[in-house]
Number of protein chains: 2
Amino acid sequence: MMLTSEQLMVQAPATAGYDALLKHGLETVNQLMHTAVDSDVTVLRDASRHIIEAGGKRIRPRLMILSYLATDGSPAALNQVSAPAAAIELVHTASVVHDDINDHGVVRRGRPSVNALWGRTFALLTGDFLFTKVYELMAPYRDLNVPLADATVALVEGETLQAQAVKENNFNRETYYQIIGRKTAALFGAAAKIGAMMANAPQNQVDMLYQFGYNIGLAFQIVDDVLDLVGDEKQLGKTSGIDVAQGRGFATAYATETPETVDEADPMVSIKRRVLQGDALEEARRQSRALVEAAVRQLDILPDSPYKQGLIDTAHMVIDREF
Amino acid sequence: MMLTSEQLMVQAPATAGYDALLKHGLETVNQLMHTAVDSDVTVLRDASRHIIEAGGKRIRPRLMILSYLATDGSPAALNQVSAPAAAIELVHTASVVHDDINDHGVVRRGRPSVNALWGRTFALLTGDFLFTKVYELMAPYRDLNVPLADATVALVEGETLQAQAVKENNFNRETYYQIIGRKTAALFGAAAKIGAMMANAPQNQVDMLYQFGYNIGLAFQIVDDVLDLVGDEKQLGKTSGIDVAQGRGFATAYATETPETVDEADPMVSIKRRVLQGDALEEARRQSRALVEAAVRQLDILPDSPYKQGLIDTAHMVIDREF
């Protein structure tokens, strides 16, 4: 099934202000994802909509839309960003569905995971289905496929590096940054970059926005990892404590480089204690803030606009989740 | 990583005859797959090459190359088909890796499956990696992505329909043909269609070649299913008997519609007996032959050429695997 141009064209309100425009853009992305995963194979449709409509922060589409607008993309033509923005959110969604298989995650976005409700076989196929829908949505966009394909490759490589480091018991700060660079930051970078490409922004802006997205992607993942440890499941909307239980994440990378934890029989207890004592937590806060500040400074080359301010606000949103 | 034009351009021998040209084309596809899955994440590279280099029949790239040549595509420019042909083989390869997870297949192409050697987590990620490499290889080919994306969606839908029919215990001949149409025939159809598209063939030839590929894809799957039941593992190069053990495949569809088997405690025994008695086997032989004959008749609209003969030979190859 290819989407018709009518399905892609939800008319943007021509005089919309910043908030209304962003809201409209994100709603269009949600509608498009809903439509894109339609199938007479009901389990694929239902499982896809279950995870899509559970929400999620939509931070990648938000970055793409704001980058487009902040680099002088026409607000009246904002709907052209909908398909790539839906596609990038579906890459993330597919990876989440497959992660929950490998990690035995049973709660996601405040709902039972696809894995928990439909079982492993259908969860694997639903993730594959979502990947194929990315490909289908992006088929008409020649140039934009290169950065999205690269980021999708990086995402799978990052997940694999993580599983490998855990298995080989060499999870440390160096591997940690390699992992989160690929599994999270590359897709954030691609989101911001593709928005600028769609606005036909000059190359220095396109490159800068990739770096901007990449840096806040790193910050996002550090915060996410710490929340995994100190947040509760209800607040997080997903199974918590998975990272440390599996021997990975920021706290693991931090704690395994300090001697105190070496002899502990239960790493969860010792790592959690160190984090709650404050040093890993403080380190995570410091690093994620530094990354966001660096990212925001990079935006200096853009003219001021409500959209640029939207990018700055988004960068702060990433670290202002309480922990 | 994007492939450079040098990597894509292995010079075709300008004066090559039919056999040499096809052999050259398939070797280029193999080289390109080898290169495309390179990664510093060694487990992804090694697991991908393990399954790719185990061989396989390369029937989808063969169909694409022959369709291209049979619709007057320039032999000197055959290398332009290499990337789409590698991509379509990688779609199939990714699905095989994921199938072996869901089916607990431990032997594939005469080797231990990726699942058996690297475990479930890495097998899932290797399948995802191969899907992302399809996307990366195809990024520059705008129009060709639509049929390949559609066939990839169909493939995942077909696998899902199959798992669903088994689970809901309504595997019959009608569901069987829906399943194999999507999980196998659609990709065969796309292979032949894309070859013709790359040759800029007229629309009636493009459409006909889709039908040609689709029909021999149906025949291929029927034969494959019967071989799963009556072949041995060494001959097949993969775990045999999976289909009936899981309550699916041609023999299951055939046998579950005849009253004899209803009361049997062990469906494998009763289905296998019926097949070996000859009726399901004969029915499979009859149907697969009829499909191939219909497919070959469709080629009448093409001018005679060694390449058209190659397509006819390929169609016969599909059913001339002994059973």
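The legends below describe three close-up views of a predicted model. Residues are numbered from 1 along each chain as its sequence is written, and chains are lettered from A in the order in which they are written. In this predicted model, local features need pLDDT of at least 70, side-chain atom pairs count only at pLDDT 80 or more, and totals for chains, interfaces and linings use all residues, while side-chain values use heavy atoms and leave out hydrogens and water.

**View 1. The rotation axis relating chains A and B.** Chain A is superposed on chain B, by least squares on the C-alpha atoms of residues with pLDDT of at least 70 in both, through a rotation of 180° with 0.0 Å of shift along its axis and an RMSD of 0.0 Å. That is the relation of a two-fold axis. Among the residues of chain A, Arg142(A) comes closest to the rotation axis, its C-alpha lying at 2.7 Å.

**View 2. Leu148(B) and its contacts.** Leu148(B) touches (heavy atoms within 4.5 Å) Tyr135(A) from chain A, and in chain B its contacts include Ala87(B), Ile88(B), Val91(B) and Ile194(B), when residues up to four places away in sequence are not counted.

**View 3. Ala154(A) in helix α8.** Ala154(A) is found in helix α8 of chain A, residues 145-167, where a helix is a DSSP run (H or I) of at least four residues, numbered from the N terminus. At 12% relative accessibility Ala154(A) counts as buried, a term for under 20% relative accessible area with a 1.4 Å probe and protein chains only. Leaving out residues up to four places away in sequence, Ala154(A) touches Arg182(A), Lys183(A) and Ala186(A), and its C-alpha atom is separated by 9.3 Å from that of Ile179(A), 25 residues apart along the chain.

Terms used. Helices (H or I, at least four residues) and strands (E, at least two) are DSSP runs, numbered from the N terminus. Buried means under 20% relative accessible area, exposed over 50%, partly exposed in between (1.4 Å probe, protein chains only).
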